Every structure is written in structure tokens, then in C-alpha cells.
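Here is a guided look at some of the contacts and packing in one protein chain. Keep the viewer open while you read.

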Amino acid sequence: MAASSYSATPTAMRAETLTRCCYSTTSRLIGFSSLHTGSKLLFTTSSDSRRAKRSLYIKSASSVPEQALQDTSTRLDEGASGDLVSFTPDAASIASSIKYHAEFTPAFSPEKFELPKAFFATAQSVRDALIINWNATYDYYEKKNVKQAYYLSMEFLQGRALLNAVGNLELTGAYGEALKKLGHDLENVASQEPDAALGNGGLGRLASCFLDSLATLDYPAWGYGLRYKYGLFKQRITKDGQEEVAEDWLEMGNPWEIVRNDVLYPVKFYGKVVTASDGKRHWIGGEDIQAVACDVPIPGYKTKTTINLRLWSTKVASELLDLHAFNSGEHTAACEAQSNAEKICYILYPGDESAEGKILRLKQQYTLCSASLQDIVAQFERRSQGQVKWDEFPEKVAVQMNDTHPTLCIPELMRILIDLKGMSWKEAWNITQRTVAYTNHTVLPEALEKWSYELMQKLLPRHVEIIEMIDEQLVDDILSKYGTSNPEILVKKLNTMRILENIDLPASVTDLLVKLQENKADDSSESLEVDDSSESLEADDSSENLEADDSSESLPVHDEAALVDEDNEDEEEEDIEKKKDAITEPSPPPPPPPKMVRMANLCVVGGHAVNGVAEIHSEIVKEEVFNDFYELWPEKFQNKTNGVTPRRWIRFCNPNLSDIITKWIGTEDWVLKTEKLAELRKFVDIEDLQIEWRRAKRSNKTKVASFIKEKTGYSVNADAMFDIQVKRIHEYKRQLLNILGIVYRYKKMKEMTAVERQANYVPRVCIFGGKAFATYVQAKRIVKFITDVGATINHDPEIGDLLKVVFIPDYNVSVAELLIPASELSQHISTAGMEASGTSNMKFAMNGCVLIGTLDGANVEIREEVGEDNFFLFGAKAHEVAALRKERAEGKFVPDKRFGEVKEFVRSGAFGSYNYDELLGSLEGNEGFGRADYFLVGKDFPSYIECQEKVDEAYRDQKRWTRMSILNTAGSYKFSSDRTIHEYARDIWNVQHLEIP
């Protein structure tokens with residue numbers, strides 16, 4: 001703990017605070033209206049230039065007559081600054097604010113002012129400044145009643161908020177100086193903040209980048225999510241691999257959130273649907289909970305706009321606590337309703353292998369959708385000021401579904417409009433389709449969500465009715481599009497496009513299909529009739545054969561099995577009686593396929609736009625994943641390549657490099673206009689820039705070396721190449737390919753003399769990070785394998801600093817903010833065609849890291865922008881993958897001998913006694929679940945290790961490597977989330993820039 005110079009007595013501090021903050025009309029403090037019951041401080045920002053240095057206006061209202069105060073408020077509403085005093089907050093006033101919060105909004109005992117307490121007091125001080133702009137933003141949106149975007153996501157991976165907030169407010173220097181006065185360092189204080197455990201990977205981080213850009217670009221928008229108490233999990237690395245424990249990010253409270261106890265909505269599960277006397281459907285009974293709003297401010301950069309992230313927590317009404325049962329000693333039963341409600345927001349992505357887990361996940365998704373839609377509708381009605389015109393709803397509201405998790409927005413909005421607002425189906429469907437849009441994030445079949453029809457019918461009976469009606473309407477659209485001239489095509493389209501899978505078609509459609517089949521059979525019979533008698537006889541024979549074939553095809557399953565047994569008579573002798581039994585006793589019919597609801601299909605049908613997140617991904621979406629829908633509605637489909645916010649991901653996390661960029665470009669405007677980064681190309685060969693660039697990278701690497709020592713106990717050389725792969729652990733992301741490449745490197749090193757090793761290999765620190773889902777066994781095996789390899793290599797005295805392997809535990813946003821600025825090589829090596837986009841690749845490139853990767857996701861566009869010579873490419877192409885898998889299934893694939901060497905080396909026990917047969921077995925064989933190297937690790941292995949040799953060669957020439965690094969930053973300008981958000985606003989949402997005066 002840093003020693004504190006904060007030793008003022010409570011009385012003295014209170015006196016100083018009140019003197020400095022309340023009674024002077026020229027106070028320089030950012031306003032805190034809670035300081036004195038008679039004081040009301042008013043603020044705004046200069047309207048001369050939104051990108052100019054922020055100025056705040058303050059007027060003390062402690063002794064101003066109420067009429068004058070009202071006049072001032074009126075002037076503020078009109079955007080006039082009046083006679084308000086302009087000032088820029090200084091360190092002294094900020095220090096007073098922090099000291100005030102340390103005493104009057106305490107979360108800790110009063111005796112000490114140590115780092116945790118300093119963080120909370122500092123965060124509350126910053127939050128006060130945000131609230132002013134936050135409220136102004138709310139009020140202006142209400143007043144102008146413009147169209148607003150609402151971004152629904154199961155994840156928001158925010159990271160720490162303090163440094164981002166003071167950076168966006170342009171108060172980093174002032175807060176740093178203020179904390180020094182109080183005996184602390186801003187960086188140390190900020191390190192006390194836990195990462196908000198509201199997400200897991202790229203999906204949540206993208207959503208958070210989008211919120212930052214929406215605020216920065218002054219677009220009217222809100223985010224909606226769930227407030228997970230325990231997050232996904234906190235990862236621990238032990239000798240057994242990954243272990244999961246609950247996140248504790250809320251144990252000390254969250255200084256950024258404000259609970260809106262007056263904003264709560266009912267959410268229903270189970271029950272039944274009845275028809276009232278007026279013919280309307282009503283959902284009654286069941287389990288009722290309440291969703292309560294918890295709001296988090298999201299400030300924009302150099303703007304007053306501060307938008308809202310509304311997170312829902314869940315509870316039940318107090319009267320549902322069964323006091324009689326509780327007082328009878330049945331405590332668990334008495335609290336069952338409360339427990340069932342609260343656990344909805346306990347865990348992100350609870351395990352869903354059990355029926356209970358599936359129910360909980362579906363409850364989470366519906367809670368997000370129902371509470372958010374009710375809130376959006378309430379805002380629309382309130383802003384309509386009693387003159388609600390529902391046909392204008394899509395002109396005021398744009399709902400974006402981030403992946404399939406919020407799909408229930410579609411039937412929920414329909415339910416609200418029909419059941420609660422009294423609309424017809426046609427009116428409600430028109431409004432819903434014009435309001436909702438869908439972002440697809442995956443081509444993996446298992447990630448295109450499907451829910452059990454029976455489960456959904458039980459939990460959400462009214463929504464299933466609505467989904468069935470949507471499905472019927474879709475069937476009509478398919479019939480209209482494809483007609484009845486080709487029944488085979490029609491049936492194929494119905495099977496692939498319907499929302500309801502393995503569920504009978506409407507009776508009218510079934511009858512139509514039967515009639516079409518009968519007509520086709522009649523046409524086939526007629527075509528066999530000829531005039532010649534001999535041909536007629538042949539036709540009769542053919543007809544008999546045809547009947548025999550039809551009869552054979554229509555045999556029940558048990559008869560087909562009997563025919564197979566007869567074909568195998570020469571292979572084994574069987575008891576005649578047993579064979580008779582096998583023929584005469586029918587086998588039980590196979591179970592019917594499960595009835596499912598295809599959520600992705602519902603998203604496509606129910607929305608007006610569907611977008612992929614990288615150019616190659618969007619083409620796969622159109623040509624493969626949703627090709628049938630693309631043929632039906634081509635106008636719905638578009639691309640929106642992902643982006644990342646340059647504020648958090650370079651300006652704030654890499655200040656050394658940011659200062660260099662600003663110096664050479666001559667302006668800091670690149671933080672908002674990233675296209676200016678391209679100007680670095682003019683200076684790429686200037687030695688002074690290259691020296692400064694390497695110095696900044698070396699400084700960042702030194703910090704990471706210290707961090708690695710702290711977290712893992714391993715010492716690494718900051719002069720070695722830092723080679724990093726940090727992302728969710730998954731087979732398609734191919735951390736296994738990376739670590740097997742390292743094993744190959746290590747094996748070859750061991751076969752050389754010390755002199756040969758030094759001559760042939762560049763020193764490397766190979767850094768991994770990421771979480772394997774708790775029930776994803778193979779991913780957890782990969783984590784175990786990486787840590788075992790590291791334990792062996794890192795303790796090998798012959799290798800020393802020439803090769804180190806480190807797995808960083810509990811990888812999160814804050815760790816990324818440390819690792820990415822220090823990275824020199826980053827691995828984005830997913831099987832081609834399987835990564836939708838990726839965003840970490842963009843962050844690495846933006847920070848001057850050179851990428852090695854496949855032509856997958858956004859890698860394709862990054863390589864185009866940074867230049868082919870500045871990207872290390874290997875591996876199969878996306879269009880080749882299907883043929884390569886077929887080659888494997890046919891037994892024609894011959895693995896490279898080096899791949900065989902590596903597997904044999906692992907099995908020799910070189911990395912301990914753990915049995916890796918299950919892990920390596922996934923790379924072997926030609927067919928079978930979990931076999932046959934589905935992700936093409938063996939196929940791409942030789943290309944990968946040869947590409948790594950080119951990496952070594954390039955790194956030896958530091959001038960060349962630095963040039964590549966600079967050109968990666970210069971070419972990363974396209975991958976700002978500001979560009980992406982402009983495209984969403986223009987092409988999908990139709991929302992307009994709205995600057996807060």
C-alpha cells in the first residue's frame with residue numbers, strides 16, 4: 001500500500017470541503033449537488049466547439065432566489081450559457097471532491113485512506129461529473145424525441161472504467177495530480193478496480209466498444225444487458241489445469257452504477273394462455289418476477305454526450321416470502337421464489353447440459369428481452385406525450401440484436417403490441433419487422449441457437465403461439481416464392497428455412513405436398529406408356545420392378561435390418577432360431593427427432609436487416625449459412641466489419657505510443673479520425689521514429705515481464721520477442737496448433753548444440769491467455785497441455801531465455817490492456833472460414849503488432865490494409881476446407897512427418913505423466929465424433945512452422961521489423977468502431993447525430 005498523506009481530521013476535512021466546494025460562487029469544483037442541502041450547482045459545457053478542450057460552467061445556487069434559479073434552468077434548457085462562470089477543473093478542487101466522498105459517501109471505515117478507499121472515493125468523484133452530462137443527455141433525448149438505437153446483448157465486457165472515464169473527460173492529468181496530493185498514484189488507484197464481470201469474449205468487448213463510439217459520435221443510443229452477480233467465472237491455473245471459481249467483482253460494491261428502484265417491470269414464466277370473451281389471448285398464471293434497472297454511465301470522448309447502459313437485476317415482490325413456512329423452519333422452501341428470481345442474474349452462460357441449466361439460460365434471454373422491450377415501449381409512450389402513434393414506433397426506435405441471444409425480442413414485441421396494445425397481427429408484424437435487426441457472429445452450427453420446442457412451450461407458451469404464426473407466414477412466403485412446379489426444391493426449402501424444426505407443417509400445406517407427390521407419380525406412370533407391344537411388355541416389366549423398388553424402399557426399419565443380416569451370411573454363422581426371431585420380431589422404431597425452434601431463422605425472418613461482421617464472414621452468411629434466405633430477401637443482407645475503440649485500445653492503454661503518433665502526425669485528431677494514422681507511412685523509414693517506436697515497445701514489454709513474474713512466478717527476458725495468443729479457448733481458434741508448433745521448436749532446439757540453437761532461433765516469450773468454458777472438456781485439456789509444456793520448457797537450463805511459455809490466468813480486459821501494447825507477434829490462426837471476424841486482431845495491429853494468421857475473419861481485411869508484406873500468412877483457404885475434410889474422410893490425407901514427430905514426442909512423456917491420448921486422438925482417424933482433425937491442425941501444421949521460420953528471419957532485422965510494426969498501426973485506421981457505428985447508424989438504424997448543447 002502506498003503511504004497516504006491524507007491525515008486531516010474529519011472535522012477539518014469537512015470544513016475545508018464545505019469552504020472550497022459550497023459557499024464560493026467561483027468554486028472550481030466539478031459540481032456535487034449533495035454537498036449541502038441548500039446548494040444546487042449547475043453545469044454545462046462550452047458549445048463553441050465540441051472537440052475543443054472541455055470547459056465547464058458553474059454557478060452556486062445556495063443563496064440565489066428560487067425564481068432566479070428557475071430562470072437559470074430555463075436558459076440551460078435553451079442551450080444558453082448566461083452568466084455562468086467558465087472553468088477547467090483543477091487538481092485542488094478534484095482533491096477536495098475526493099476527500100468529500102471519502103467521508104460522506106463512505107464504503108470503508110473512516111480510519112484510513114488506503115488504495116481501495118481511494119479508488120471508491122475517486123470513482124464517486126468522477127461519477128458526479130458524469131451524472132451531470134448523463135442527466136443532460138437524458139433530458140435532451142426526451143425533449144427532442146428523435147429516433148434512438150437500443151443495443152441488446154447478453155454480454156458487455158467493459159473492463160475497468162476509471163481511467164477510461166477520466167480520459168474521455170480529459171481530466172487524467174488533473175486527477176493524477178489530485179491523487180498525488182492525497183498520497184496516491186492514479187495508476188495504482190485505478191488498479192484497485194475489478195473488471196466488470198459482464199462478458200466473456202469478443203461479443204461482449206465489441207458491444208462495449210460500440211457503446212463508447214455511440215457516445216463519442218453523439219448518436220442517441222442505449223445498451224441493455226443483465227447484471228451478472230458472479231460473471232462467467234474467475235480462472236485459476238493449477239497443476240491440474242484450469243479451475244473455476246465465482247467472480248467477486250461486486251463484493252465491495254460498484255461505484256459506477258445507480259439502481260433505479262422506480263424502474264422495474266414484471267416478467268412472467270410458465271402459466272397458460274386463455275381466450276377471453278372478446279377473443280383476445282391472455283397469458284395468465286405461472287411464475288412472476290421483477291426486473292430492476294441498474295444504470296451505468298458511458299461517457300463519450302471530448303463530448304458532453306453520456307449514454308446509458310441499463311443492466312437488469314431480478315427479484316420478486318416481498319410478499320412472496322412465505323413467512324409461515326419460514327417460521328415453521330422450512331427456510332429453503334420459504335425463500336424459493338426469491339432464490340429462483342435472483343439466480344437468473346447469477347452466472348453468465350450457466351451450464352446447459354441439464355434441463356435446469358437450459359431453463360435458466362432461456363429465462364435469462366427472455367428476461368433481457370422482456371424487460372428491455374417493456375422499457376423501450378414505455379419510453380416511446382412517454383415521449384409521445386399522450387399522442388401515441390404506433391405506426392411511428394419504427395421511426396423512433398431501432399432494436400439491434402447482438403447475436404441470437406436476444407431473439408425473443410421478436411415474439412415479445414409482437415406480444416406487447418397485440419396482447420397489451422390491442423393491435424392486429426398485420427400491424428404488429430409490420431412494426432416489428434421495421435424495428436428489429438440482427439447481427440450474426442458465427443458460422444458454427446452449434447452457435448446458431450436452437451431451443452427445445454417443448455421447453456419453450458412450457459416456459460413461454462404465448463411466445464410459442466406467436467412463433468408458430470410467424471412460421472406459418474414464412475411457409476406462405478416460401479410457397480409464393482418457389483411455387484409448386486418443383487416439389488423437391490419446395491420441400492428442401494421448407495426443411496431448411498422453417499423456424500420450427502421437425503414439426504408438422506400446417507394441414508393445408510401438407511395436403512398440398514401430398515397432392516403434388518401424387519401428381520408426380522401419375523406423370524411418371526404415364527411417361528412409361530408406349531404403343532409398341534414389345535416396348536409395352538418391357539414397360540410392364542419396368543413397372544413391376546418399379547413397384548418392387550418402391551416396396552423395398554418402404555420397408556419398415558426392422559425389415560431393412562433383416563435384409564442387411566442376409567447380406568452378411570458369409571461373414572458369420574448365426575443360430576437359425578435367432579435369425580427367425582430377428583426377422584419376425586420387429587425392432588423398436590427409432591425415437592423421433594427432437595422438435596426445435598431455430599432462433600437464427602427467427603432473427604432473419606423477424607428483422608429488416610441481417611449483417612455479418614467481416615467481409616468474408618458476410619459472404620459466408622449469404623452463400624452458405626443463410627443462402628436460402630438470401631435468395632428470398634437479398635435486400636436484408638449486408639456487411640458491417642467490426643471495429644474497436646481507439647480511445648481505450650491505444651490512446652489510454654498505450655500512452656507512450658500515442659504520444660509518438662501525435663508527435664509525428666502533428667495532431668491528436670487521430671483519436672477521433674483514425675484515417676490520420678495513415679500519415680505515419682510518410683515517416684516509416686525515418687530512423688528517429690523507428691528508435692522512438694522501439695523504445696516505447698521495450699518499455700511496455702518491461703511492464704509485462706514484471707506482471708508475468710507477479711502472476712506466474714516465471715522470469716522472462718524483455719529483449720525476447722513477445723509472441724501472444726489471447727482469446728477464448730476453443731478448438732477452432734487453434735491454440736492447439738500454436739502449442740504444438742512450440743513443442744516442435746523445443747524438440748528441434750534439444751537436438752542442437754547451444755551454438756546451433758543461438759544461430760537458428762530468435763529468443764521468444766510465448767504468452768497464452770483465455771478461458772475454456774467450464775464444461776468444454778477438450779478446451780480444458782488444451783489449457784492443461786499448454787501449462788505442462790510451459791512447466792517443462794521454463795525449467796530447462798539448456799534452453800534458458802531462448803524459449804519461454806507462459807499461460808496468464810484469468811485473462812480479461814485489464815490484462816489485455818497491458819499485454820497488447822507489449823506485443824510484437826500475435827497469433828490469429830483459426831481454421832479458415834470459422835472465425836466471424838475477431839476484434840483482438842484489430843487491437844494488436846493498432847498497437848503496432850505484426851500478425852501471423854490464416855485468411856479468416858477480419859484477418860483478410862487487415863492484411864489488405866497493412867500490406868501483404870507486413871502480415872505472416874499460412875494455411876488452407878476457406879473455400880478449400882470442405883474438400884480437405886472430404887479428403888480426410890476418404891482416407892486420402894497423408895500427414896506431414898513433422899506432425900507425427902511432435903505427437904510422438906508428446907506421447908513420450910516429455911511434458912509429464914498426463915495422458916494426452918484424448919487430446920491428440922482428436923487429430924487422428926478419418927471419421928467419428930471428436931476425431932478426424934475437423935479443424936485441420938495437421939493439414940496446416942507444416943505451413944505454420946514454415947511461416948514461423950519467416951517470422952524469425954524478419955525479427956532478426958530489427959529495422960525491417962520496426963517498419964512492419966509502424967505500417968500495421970498506419971493501416972489499422974479502418975478498424976475503428978467509430979467507422980462501424982457510422983455504418984450501422986446510416987444503413988440499419990437510420991439514427992442521426994445529436995450533439996448535447
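The report below goes through salt bridges, a sheet with its packed helices, and one helix on its own.

Please keep in mind that this is a predicted model.

**Salt bridges**

There are 63 salt bridges in the structure. Three of them are set out here, with the distance taken from N to O.

| Pair | N to O distance | Separation in sequence |
|---|---|---|
| Lys771 and Glu247 | 3.8 Å | 524 residues |
| Glu615 and Lys974 | 3.6 Å | 359 residues |
| Lys750 and Asp796 | 2.9 Å | 46 residues |

Let us begin with the pair of Lys771 and Glu247, whose side chains meet in a salt bridge at 3.8 Å. Lys771 sits in the loop between strand 21 (764-769) and helix 31 (777-793), while Glu247 belongs to the loop between strand 7 (241-245) and strand 8 (258-269), so the salt bridge ties together parts that are 524 residues apart in sequence. Are these two residues buried or exposed? Lys771 counts as buried because its relative accessibility is 10%, and the cut-off for buried is under 20%. Glu247 is buried too, with a relative accessible area of 12%.

The next pair joins Glu615 to Lys974 through a salt bridge of 3.6 Å. It links distant parts of the chain: Glu615 is in helix 24 (residues 615-625), and Lys974 is in the loop between helix 39 (958-970) and helix 40 (977-989). Glu615 is partly exposed, having a relative accessible area of 37%, whereas Lys974 is buried at 18%.

Lys750 and Asp796 form a salt bridge of 2.9 Å. Here helix 29 (residues 735-750) holds Lys750, and the loop between helix 31 and strand 22 (803-808) holds Asp796. Lys750 is partly exposed, with a relative accessible area of 33%, but Asp796 counts as buried at 9% relative accessibility.

Salt bridges can also be linked to one another: Glu170, Lys302, Arg651 and Glu668 make up a network of them.

**The nine-stranded sheet**

Now for the sheet. Nine strands build an open sheet with mixed pairing, in the order 8-11-12-5-4-13-14-18-19. Which strands stand at its edges? They are strand 8 and strand 19 (637-639), each with a single partner strand, so one side of each has no neighbour in the sheet. On average, neighbouring strands of this sheet are turned by 25 degrees against each other, with direction ignored.

Within the sheet, strand 5 (residues 221-226) and strand 12 (residues 306-315) run parallel and are joined by five bridges. Gly225 stands opposite Leu311 in strand 12.

Helix 12 (residues 355-383) packs on the sheet and touches strand 4 (148-152), strand 5, strand 8, strand 11 (287-299), strand 12 and strand 13 (397-402). The direction of helix 12 makes about 115 degrees with that of strand 8. Helix 24 packs on the sheet as well, touching strand 18 (610-612) and strand 19, and its direction makes about 165 degrees with that of strand 19. This is the helix that holds Glu615.

**Helix 31**

Finally, helix 31 invites a quick geometry check. Its 17 residues should span 24 Å at 1.5 Å a residue, and the end C-alpha atoms are 25 Å apart, which agrees. Helix 31 is mostly covered, with twelve of the 17 residues buried. Among them are Gln778, Ile782, Phe785, Asp788 and Ile793.

Conventions: Residues are numbered from 1 along each chain as its sequence is written. This is a predicted model: local features need pLDDT of at least 70, side-chain atom pairs count only at pLDDT 80 or more; totals for chains, interfaces and linings use all residues. Side-chain values use heavy atoms; hydrogens and water are left out. A salt bridge is a side-chain nitrogen of Lys or Arg within 4 Å of a carboxyl oxygen of Asp or Glu. Helices (H or I, at least four residues) and strands (E, at least two) are DSSP runs, numbered from the N terminus. Buried means under 20% relative accessible area, exposed over 50%, partly exposed in between (1.4 Å probe, protein chains only). Two strands pair if DSSP finds at least two bridges between them. Axes are lines fitted to C-alpha atoms, for helices over the stretch in contact, and angles run from 0 to 180 degrees between N-to-C directions. Contact means heavy atoms within 4.5 Å. The expected span of a helix is 1.5 Å times one less than its number of residues.
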